[in-house]
Each structure stands twice: as structure tokens, then as C-alpha cells.
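Hi everyone, thanks for making room for me today. I'd like to walk you through one protein model, step by step, so please have the picture open as we go.

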Amino acid sequence: MKKEKKLIRFDWAIKKLLRNKANFDILEGFLSELLAEDIKIKQILESESNKEDENDKHNRVDILVEDSKGDLVIIEVQNSKEYDYFHRILYGTSKVITEHISEGEAYAKVKKIISITIAYFDLGQGKDYIYHGKNQFKGIHHGDILNLADKQKVLYKKDSVYEIFPEYWLIKVSQFNNAVQDKLDEWIYFLKNGEVKENFTAKGLEAAKKKLDKMSLSYEEQQEYKYYLKRLRDIASEQHTKMADAEDLLKAREEGLEKGREEGLERGREEGLEKGLLRKEIEAVLGMYRNNIPTSIIASALNISEEKVNKILNNNSE
């Protein structure tokens, strides 16, 4: 069987190659298969979120695209686990909205945002490897979906309310089992394995196969790509160490809690025993005193001090 050649990682391609107009066909193919419509890229935009930073640890790479309809598409590749990642997605879409509307413009000028996350970690908890989220308003009494009025459809050039609000696509690459069922799966296979099989026909993959060949890179680009891969390995190692440390800390905490619980139970038993003995001692003092036995004799009989006898009598006087 012919071995497929390894291609450049999609996230590095986003940083370095796919911003070039000559390579728009690769991104257009991916977006067309994912969104199930023919997507044409008008331009790559810059925002505070996708400007390259030399101090960036390469946990993520993103690109902001404007398509021919004027919609804005965020494509983000995330390599390491972040527990607040859902919040960051929300922040990212909100920021793009505010960056692309001017003061004084009508709210109808708010751009449609599509946020796409390609995650190389188990994002959230779920069995699937592709999730799609969109905003709908559902009646709590009748269960109907709130729709746009006819005039709104004309004004906004939208058919449904959800088309106004941001949409979210989450691709959990690590969850994909390499069983290709359709053309979108061909893209997921490429994202996971860095390979395009001979029988793949999804839009954009043929271009990716030709343009993302490692051998087509210049010497400088190859060195930069090697450095990028090394940084990813370093981050993965760091993440693994942090997770191991966290697991050790959790285990130590659980062991400490268990030990504390056992010590607490033992201490409770001892305190309970002491309280029980004290109660019997008090009852004995009071009983003997009621029978007119002198305190000196009570103290001697119970092997306690006369001072303690008087203290018990004073604290339990009626």
C-alpha cells in the first residue's frame, strides 16, 4: 500500500501560508465542506486576537476571514487544554463584533460571526467529534421557534433569527476514530493525521496536498516549522507535567482527607468516651451529695479532688 506523504500542520499553515490569496482555495474548501455551502473568501482581516506575538506559546493559532457575503469567520486551532476555553470562545466572538461596527452605526450593521474551533484536546464532555451551536428562541408554553417578521427578512436579508447571532462549530480532532464517512470527515482525517488519501475528494484537499507539502517549503520555512513543532512538543510535555502534578496533589489531598477523617473519628470516639465518663462522674457526685455525704468523702470515694467536687456541685446547682 502506498504511504501517504505527511503534510504541514494546518495551524502552522494558517499562520504562514493560508493568509496568502493564492492559497485561499484550501480554506475555502474546508469552510465549504463544514458549512455545507459554497464559501468564497473576500479577504483575511486582522484583529487584536489574531495578530502574531513573539511571546505566544503557540497554544493556539487563529485567523479571521471575511467571506463574499460579508460574514466574519474565526478559525482557531487550540493545542492544549484550557478549562475556561468556552468563555474564551464567547469573548472572541464578542470582541470581533465590537471591532467591526463603528460608533453611531445601527445595530443592523452588526456582522454575522461564525466561530470555528479545531481542538486537539477533549473539549468539554461529549461522545461526538463535531458540535454545532446556534441561537434560537423557543416558546416555553407552545414550544414554537421565534421567527423573523416578513419585513425583518427583507431588511436584514435573513430568513431566521439564528442567522443574526453568532454560530459556533467545535471540532474535537482527538475524538475522531479515523472512520471516514463523508467529505467533512476527509477534512477531519487530514486535520488529525496530516495526510490526504488518494481517494479523498473533499473541496480544498487536493490543493492542500500540493501546497502543504513540507518539501515545498524554503530552507528558512523548514527551520521555522521544525522550531514550531518543537515548541508544541515542549508545551505538550509541560501540560503533561502539570496534569501529573495536579493528579499527585489531588491524590495527596484525598489521602490527607481520609487520614484526617480517620483521626477525626478516633478523636471523636475519645472525646465521646471522655464526655461519657464525665457525665457518670457528675451523676455520681450529685447522687452522693443528695444523700448528705460530705464532699471530702465524695472526693475520696471517686478519687477526685474536693475542689472538683465543689465545682461540679456549683455548676449543677438547681
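Let's begin with the overall build. Counting its secondary structure, this protein has nine helices and six strands. Please keep in mind that what you see is a predicted model. Of the 318 residues in the protein, 36% are buried. The accessible surface comes to about 20400 Å², and carbon and sulfur atoms hold 51% of that.

How much of the contact list comes from residues 24 or more positions apart? Taking the contacts with a separation of 6 or more, such pairs account for 65%.

Tyr 225 gives us a nice example to look at. You'll find Tyr 225 in helix H7, which covers residues 219–290. Is Tyr 225 buried or exposed? With a relative accessible area of 5%, Tyr 225 is buried. Leaving out residues up to four places away in sequence, Tyr 225 touches Leu 7, Ile 8, Arg 9, Trp 12, Lys 214 and Leu 217. Now compare sequence and space: Tyr 225 and Lys 16 are 209 residues apart along the chain, yet their C-alpha atoms are 9.7 Å apart.

Next, let's turn to the charged side chains. How many salt bridges does the structure hold? There are eleven, and I've picked three to show you.

The first on my list joins the side chains of Glu 66 and Lys 111, with 3.7 Å from N to O. This pair links distant parts of the chain, 45 residues apart: Glu 66 sits in strand E2 (residues 60–67), while Lys 111 is in the loop between helix H3 (85–99) and strand E4 (113–119). Why do we call Glu 66 buried? Its relative accessible area is 8%, and buried means under 20%. Lys 111, at 25% relative accessibility, counts as partly exposed.

My next pair is Arg 88 and Glu 76, whose side chains meet in a salt bridge at 2.6 Å, N to O. Arg 88 belongs to helix H3 and Glu 76 to strand E3 (residues 72–78), so this salt bridge ties together parts that are twelve residues apart in sequence. Arg 88 is partly exposed, with a relative accessible area of 23%, whereas Glu 76 counts as buried at 10%.

The last pair I picked is Lys 69 and Asp 71, which form a salt bridge at 3.6 Å, N to O. Here Lys 69 is exposed, at 51% relative accessible area, but Asp 71 is buried, at 9%. Which residues make up a network with this pair? Salt bridges with shared partners join Glu 37, Lys 69 and Asp 71 into one network.

Asp 71 also brings us to my final topic, the pockets. Rolling a probe the size of a water molecule over the atoms reveals where empty space is left. The largest pocket has a volume of about 780 Å³. Its lining is made of 22 residues, and those nearest the centre are Asp 71, Lys 112, Tyr 156, Lys 158 and Glu 163. Helix H4 (150–156) and strand E6 (167–172) each contribute at least two residues to that lining. What classes of residue line the largest pocket? The lining has ten nonpolar, two polar and ten charged residues.

If you take one residue back to your desk, try Asp 71: it pairs with Lys 69 in a salt bridge, and it is among the residues nearest the centre of the largest pocket. Thanks for listening!

Note on methods
Residues are numbered from 1 along each chain as its sequence is written. This is a predicted model: local features need pLDDT of at least 70, side-chain atom pairs count only at pLDDT 80 or more; totals for chains, interfaces and linings use all residues. Side-chain values use heavy atoms; hydrogens and water are left out. A salt bridge is a side-chain nitrogen of Lys or Arg within 4 Å of a carboxyl oxygen of Asp or Glu. Helices (H or I, at least four residues) and strands (E, at least two) are DSSP runs, numbered from the N terminus. Buried means under 20% relative accessible area, exposed over 50%, partly exposed in between (1.4 Å probe, protein chains only). On a 1 Å grid over the protein atoms alone, a cavity is a set of points where a 1.4 Å probe fits but cannot get out, and a pocket is an open set with protein on both sides within 12 Å along at least five of seven lines; lining residues have an atom within 4 Å of a point. Grid points are joined across faces, edges and corners, and a volume is the space filled by probe spheres set on the points. Ala, Val, Leu, Ile, Met, Phe, Trp, Tyr, Cys and Pro count as nonpolar, Asp, Glu, Lys and Arg as charged, and the others, Gly among them, as polar. Contact means heavy atoms within 4.5 Å. Accessible areas come from the Shrake-Rupley method with a 1.4 Å probe; for residues, only the protein chains shown count as cover.
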